[in-house]
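Open your viewer and get the selection tool ready. We will move through the structure one stop at a time.

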Amino acid sequence: MKEQILKKLMDAGLVAVVRAESAAQAVLTSKACIAGGVKVIEVTFTVPRAEEAIATLAGAYQGTEILIGAGTVCDRETAAKAVASGAQFVVGPYLSEAVAAECNAHGIPYLPGAMTLTEAVKCIEAGADIVKIFPGELFGPAIIKAFRGPMPQLQLMPTGGVSVENVHEWIAAGAVAVGVGSNLTAPAKTGDYDAVTRIAREYVEKIRDARAK
């Protein structure tokens, strides 16, 4: 199951990071992303009652190619809540060994954040399969090649600073996927979910084109 989830995530190449003012808004934003071709959704626990949004989406897309995960998971209690709500993967801004242990116990992929090669290695040692380069805007795509030079086995997913204009650079540098938040979902704040769908479609096309080169 874990390997299948990781494969789907990497095949998709794009994780929509959904932050919202309510669980209902998170669900609508997620569905707008999915309508644009996004196959992997990360609902962050900065969303009030995020577990409700995760449970709603997990139920709606159960048995489909869509993956629903939880983000901004910083402690074991939240990780357990995410898994119980149906999250298929868990993302954190930094490595928490307690979260890693909870995810490993359930066979759920854990994607912790790292800013240095040492941190990335610690993530792998804790059982992470993909390391989130965060915040990506501090480094740019060059960090992917820099990390993978001495450690080509690293599977890296930059989050933060990934735009429609530069996503192809991240993919070309060797990122297995990218996490995109406000650059994708910002129109949802004003209720313009059609715009979210249009932007999502642009990201999906850019990633597909970058991988075809």
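This tour of a predicted model visits the nonpolar cores, then a lysine, then a patch on the surface.

**Stop 1: the cores.** Start by selecting Ile41, Val43, Val90, Ile144, Val178, Leu184 and Tyr203. They belong to the largest nonpolar core, which has 64 residues, and they touch the most other members of it. Now keep Val43 alone and show its surroundings. Leaving aside residues up to four places away in sequence, Val43 touches Val18, Ala26, Ser30, Ala50, Ala53, Ile54, Leu57, Gly69, Ala70 and Gly71. Next, select Ile5, Leu6, Leu67 and Leu111: these are among the 13 residues of a second, separate core.

**Stop 2: Lys2.** Go to helix α1, residues 2-12, and pick Lys2. Is Lys2 buried or partly exposed? Its relative accessible area is 22%, and because buried means under 20%, Lys2 counts as partly exposed. Show its neighbours, again without residues up to four places away in sequence: Lys2 touches Asn104, Gly107, Ile108, Pro109, Gly127 and Asp129. Zoom in on the side chains of Lys2 and Asp129, which are joined by a polar contact of 3.0 Å. Then add Tyr110: it is 108 residues from Lys2 along the chain, yet their C-alpha atoms are separated by 9.8 Å.

**Stop 3: the surface patch.** Finally, select Met115, Leu138 and Phe139 and turn on the surface. Together Met115, Leu138 and Phe139 make a nonpolar patch of about 270 Å². Within this selection, find Leu138 in the loop between β7 (131-133) and α7 (142-148). Leu138 is classed as exposed because its relative accessible area, 57%, is over 50%.

Terms used:
Residues are numbered from 1 along each chain as its sequence is written. This is a predicted model: local features need pLDDT of at least 70, side-chain atom pairs count only at pLDDT 80 or more; totals for chains, interfaces and linings use all residues. Side-chain values use heavy atoms; hydrogens and water are left out. A nonpolar core is a set of buried Ala, Val, Leu, Ile, Met, Phe, Trp, Tyr and Cys residues joined through side-chain atoms within 4.5 Å. Buried means under 20% relative accessible area, exposed over 50%, partly exposed in between (1.4 Å probe, protein chains only). Contact means heavy atoms within 4.5 Å. Helices (H or I, at least four residues) and strands (E, at least two) are DSSP runs, numbered from the N terminus. A polar contact is a pair of N or O atoms within 3.5 Å; within protein, one must be able to donate a hydrogen and the other to accept it, and residues adjacent in sequence count only if both atoms are side-chain atoms. Patches are made of residues with over 30% relative accessible area and no salt bridge: like charges are joined within 9 Å, nonpolar side chains (Val, Leu, Ile, Met, Phe, Trp, Tyr) within 5 Å. Accessible areas come from the Shrake-Rupley method with a 1.4 Å probe; for residues, only the protein chains shown count as cover. A salt bridge is a side-chain nitrogen of Lys or Arg within 4 Å of a carboxyl oxygen of Asp or Glu.
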